[in-house]
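Work through the four exercises below with the sequence and the structure open. Try each task before reading its solution.

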Amino acid sequence: MVGNPMRAAVIRSQQVTGLSSELIAELMAEIGPLWHERHQAALASRPRQRAVGAGVKHKLVFVDRLLATLVHLRHGVTHDVLACWFGVDRSTITRAIGEVRPLLAQRGCTIAPGLRLRTLAEVIDHLSENEKTGIIDGTEIRVRRPAAGRKDRDKFISGKNKQNAVKSMVFTDADGCLLYCSPAEPASCADITHARKLGLVRVLSGGPVVEILADAGYQGLGAQTGGRVVTPPHRKFKKNAPDWYEKIHKQRRKAHSSRRIRVEHGIAHLKNWQALTRHHGRREHMSDIIQAVAALLSHQQSVTLTTDEQV
């Protein structure tokens, strides 16, 4: 267990945790009771020879569990290093991160104080109410290759990068603020197929009239959503195109990409957290990891925007 002076220094240093001390305090107040409730329920759910709460107390208190999870997500620090730092066994760190990370992922993306978006339907309603444009794009995260002989081993191979990866769909507004990150899918799934699996077509069809910008990987969704999904213009001339058409086509594609570039900035902020640059752990954990990071970043963005508005 780290001492109180060191713990306070870690909380104050945004370079270590990636978050401000005020946001860490909010997370402790919000996630702490949920973790304690789950922990007590797990203790009471099995036959016991002693009362709940008896025995040796935790060496790793909740604030240290939260800090270990944040440092692991931000810098990709291994569990062995964190165990040495906090003075506990490696299995204790692994268990602590496995308990805290899902709680962070369930928070959803924070848009404003007290307002969070957890589903695509909530995102579309938010964009419609505020008359904003949304932007979607897929991002891939490299993962370890499945063992030889394992069923469906090839489904993680990305057709674009030719590497083993998982894919997630990122949803931002026109300013690049994160609104939603989907659960991870094997990278062999096409962007448009992933969007359909998530129910984007169902949510948009007959729903609020909003504009959703997307790249060429989502071409075809526009016709299925009544024109709500806007993709780059099709090329009508495949060969021997007139010079005037080439010029107009290039201008239209550039205008579209200049509006859509904000989602790339949002993805770049996500990838600043080392846990999303390349994952060496279990592929099953990637959904929790990317949604946890998105929830933390969106909360930080909302706090920054609120502070700027007050100034």
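**Exercise 1. The largest pocket**

Task: State how much space lies in the largest pocket, and find which residues are the closest to its centre.

Solution. The model is a predicted one. Start with the volume: the largest pocket holds about 440 Å³ of space. Next, go to the lining, which is made of 22 residues; the closest to the pocket centre are H72, H79, H279, H280 and G281. Then sort the lining by residue type: 4 are nonpolar, 13 polar and 5 charged. Finally, assign the lining to helices. At least two lining residues come from each of α4 (62-75), α5 (79-86) and α6 (90-105). The largest share, 5 residues, is that of α6.

**Exercise 2. The nonpolar cores**

Task: Find which residues have the most contacts inside the largest nonpolar core, and list what L104 touches.

Solution. As background, nonpolar side chains in soluble globular proteins tend to be buried together. Here the largest nonpolar core has 50 residues, and L73, I93, L104 and L270 are those with the most contacts inside it. Now take L104 and leave out residues up to four places away in sequence: L104 then touches L27, I31, L66, T69, L70, L73, A292, A295 and L296. There is also a second, separate core of 22 residues, with I124, I136, L204 and I212 among them.

**Exercise 3. Cysteines and disulfides**

Task: Count the disulfides and explain why C109 is not in one.

Solution. A disulfide is a covalent bond between the sulfur atoms of two cysteines. The step needs a cut-off: the two sulfur atoms must lie within 2.5 Å. For C109, the closest cysteine sulfur is in C181, at 5.7 Å, which is too far for a bond. C177 is in no disulfide either; its nearest cysteine sulfur belongs to C109 and is 10 Å away. The count by this rule is 0 disulfides.

For burial, the cut-off is under 20% relative accessible area. C109 counts as buried because its relative accessibility is 5%. C177, at 17%, counts as buried too.

**Exercise 4. The surroundings of A165**

Task: Place A165 in a strand, decide whether A165 is buried or exposed, and list what it touches.

Solution. A165 lies in strand β4, which covers residues 165-173. Its relative accessible area is 3%, so A165 is buried. Leaving out residues up to four places away in sequence, A165 touches E140, I141, R142, V143, F156, P186 and A187. As a last step, compare chain and space: A165 and T139 are 26 residues apart along the chain, and their C-alpha atoms are separated by 9.8 Å.

Key: Residues numbered from 1 in each chain as written. Predicted model: local features only at pLDDT ≥ 70, side-chain atom pairs only at ≥ 80, totals over all residues. Heavy atoms only, no water. Buried < 20%, exposed > 50% of the residue type's maximum accessible area, 1.4 Å probe, protein only. Helix = DSSP H or I, 4+ residues; strand = E, 2+ residues; numbered from the N terminus. Contact = heavy atoms within 4.5 Å. 1 Å grid on protein atoms, 1.4 Å probe; cavity = no way out; pocket = protein on both sides within 12 Å on 5 of 7 lines; lining within 4 Å. Points joined across faces, edges and corners; volume = space filled by probe spheres on them. Nonpolar A, V, L, I, M, F, W, Y, C, P; charged D, E, K, R; others polar. Core = buried A, V, L, I, M, F, W, Y, C linked by side-chain atoms within 4.5 Å.
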